[in-house]
Amino acid sequence: MVHQGHKFTKARRRRGGNVFFSDIPNSRIHKISVDGKVTVFRETTGEANGLMFGPDGRLYACQNGRKRIVAFTADGKESVVANDVS
């Protein structure tokens with residue numbers, strides 16, 4: 001077991017071996033580094049899921065709680081791509 005205490009998760013692997021996963025009910029995105037260390041990448045994510053890396057290297061997510069699509073930079077900064085998405 002890598003980590004525990006999550007309610008419902010979905011994961012996406014990034015080039016370089018890191019794995020990012022959303023803990024939807026807890027509104028967090030976690031990162032598992034290649035050395036196995038689990039860290040919080042981003043909190044208060046608006047119940048983000050559907051993670052996907054774009055060709056620009058940003059992590060895209062659907063924010064079910066906020067009804068929008070967002071993109072995160074490598075340092076976790078969020079920008080809105082689309083609003084009022086259901």
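**Salt bridges, strands and a nonpolar core**

Glu78 is a good place to start: with a relative accessible area of 24%, this residue is partly exposed. The structure is a predicted model, and the description below follows Glu78 to its partner and then on to the strands and the core. The average pLDDT of the chain is 86, and 83% of the residues score at least 70. Confidence varies from element to element: strand E1 (residues 9-13) has the lowest mean pLDDT, 53, while E8 has the highest, 98. Where pLDDT is low, the predicted coordinates should not be read in detail.

The side chain of Glu78 meets that of Arg68 in a salt bridge, with 2.9 Å from N to O. This pair links distant parts of the chain, since Arg68 belongs to strand E7 and Glu78 to strand E8, ten residues apart. Is Arg68 buried or exposed? Arg68 counts as buried because its relative accessibility is 19%, and the cut-off for buried is under 20%. The pair is also part of something wider, as Arg42, Arg68 and Glu78 are linked in a network of salt bridges.

Five salt bridges are counted in the model. Side chains of opposite charge can pair when their charged atoms come close. One of the pairs is Arg28 with Glu43, at 3.4 Å from N to O. Here too the pair links distant parts of the chain: Arg28 sits in strand E3 (residues 28-32) and Glu43 in strand E4 (residues 38-43), 15 residues apart. Arg28 is partly exposed, at 28% relative accessibility, and Glu43 is partly exposed as well, at 47%. Another pair is formed by Arg58 and Asp56, whose side chains meet at 2.9 Å from N to O. Arg58 has a relative accessibility of 25% and therefore counts as partly exposed; Asp56, at 44%, is also partly exposed.

The strands come next. Strands of a sheet pair through backbone hydrogen bonds, either parallel or antiparallel. Strand E2 (residues 19-23) runs antiparallel to E3, and five bridges join the two. Within this pairing, Asp23 stands opposite Arg28 of E3, the residue that also takes part in the salt bridge with Glu43. E2 and E3 form a hairpin with four residues between the strands, and Ser27 has a positive phi there, near 55°. E3 is in turn joined to E4 by five bridges, again with the strands running antiparallel. Lys31, for example, has Thr39 in E4 as its bridge partner. The hairpin of E3 and E4 has five residues between its strands, and Gly36 in the turn shows a positive phi of about 90°.

Further along the chain, four strands make up an open sheet in the order E5-E6-E7-E8, with antiparallel pairing. Which strands form the edges? Strand E5 (48-53) and strand E8 (78-82) do, as each pairs on one side only. On average, neighbouring strands of this sheet are turned by 30° against each other, direction ignored. Inside the sheet, strand E6 (residues 59-63) and strand E7 (residues 68-72) pair over five bridges in the antiparallel sense. Leu59 has Phe72 in E7 as its bridge partner.

Both of these residues also appear in the largest nonpolar core. Which residues make up this core? Its ten members are Phe20, Ile29, Phe41, Ala48, Leu51, Phe53, Leu59, Ala61, Val70 and Phe72. At least two core residues come from each of E5, E6 and E7, and E5 gives the largest share, three residues. Leu59 offers a view of the surroundings: leaving aside residues up to four places away in sequence, Leu59 touches Phe20, Ile29, Phe41, Leu51, Met52, Phe53, Val70, Ala71 and Phe72.

A final residue to look for is Asn49, which lies in strand E5. At 14% relative accessibility, Asn49 counts as buried. Its contacts, again without residues up to four places away in sequence, are Ser22, Ile24, Ala61, Cys62 and Asn64. Among them, Ala61 is also a member of the largest nonpolar core.

Methods
Residues are numbered from 1 along each chain as its sequence is written. This is a predicted model: local features need pLDDT of at least 70, side-chain atom pairs count only at pLDDT 80 or more; totals for chains, interfaces and linings use all residues. Side-chain values use heavy atoms; hydrogens and water are left out. Two strands pair if DSSP finds at least two bridges between them. Axes are lines fitted to C-alpha atoms, for helices over the stretch in contact, and angles run from 0 to 180 degrees between N-to-C directions. A nonpolar core is a set of buried Ala, Val, Leu, Ile, Met, Phe, Trp, Tyr and Cys residues joined through side-chain atoms within 4.5 Å. Buried means under 20% relative accessible area, exposed over 50%, partly exposed in between (1.4 Å probe, protein chains only). Contact means heavy atoms within 4.5 Å. A salt bridge is a side-chain nitrogen of Lys or Arg within 4 Å of a carboxyl oxygen of Asp or Glu. pLDDT is the predictor's confidence in each residue, from 0 to 100.
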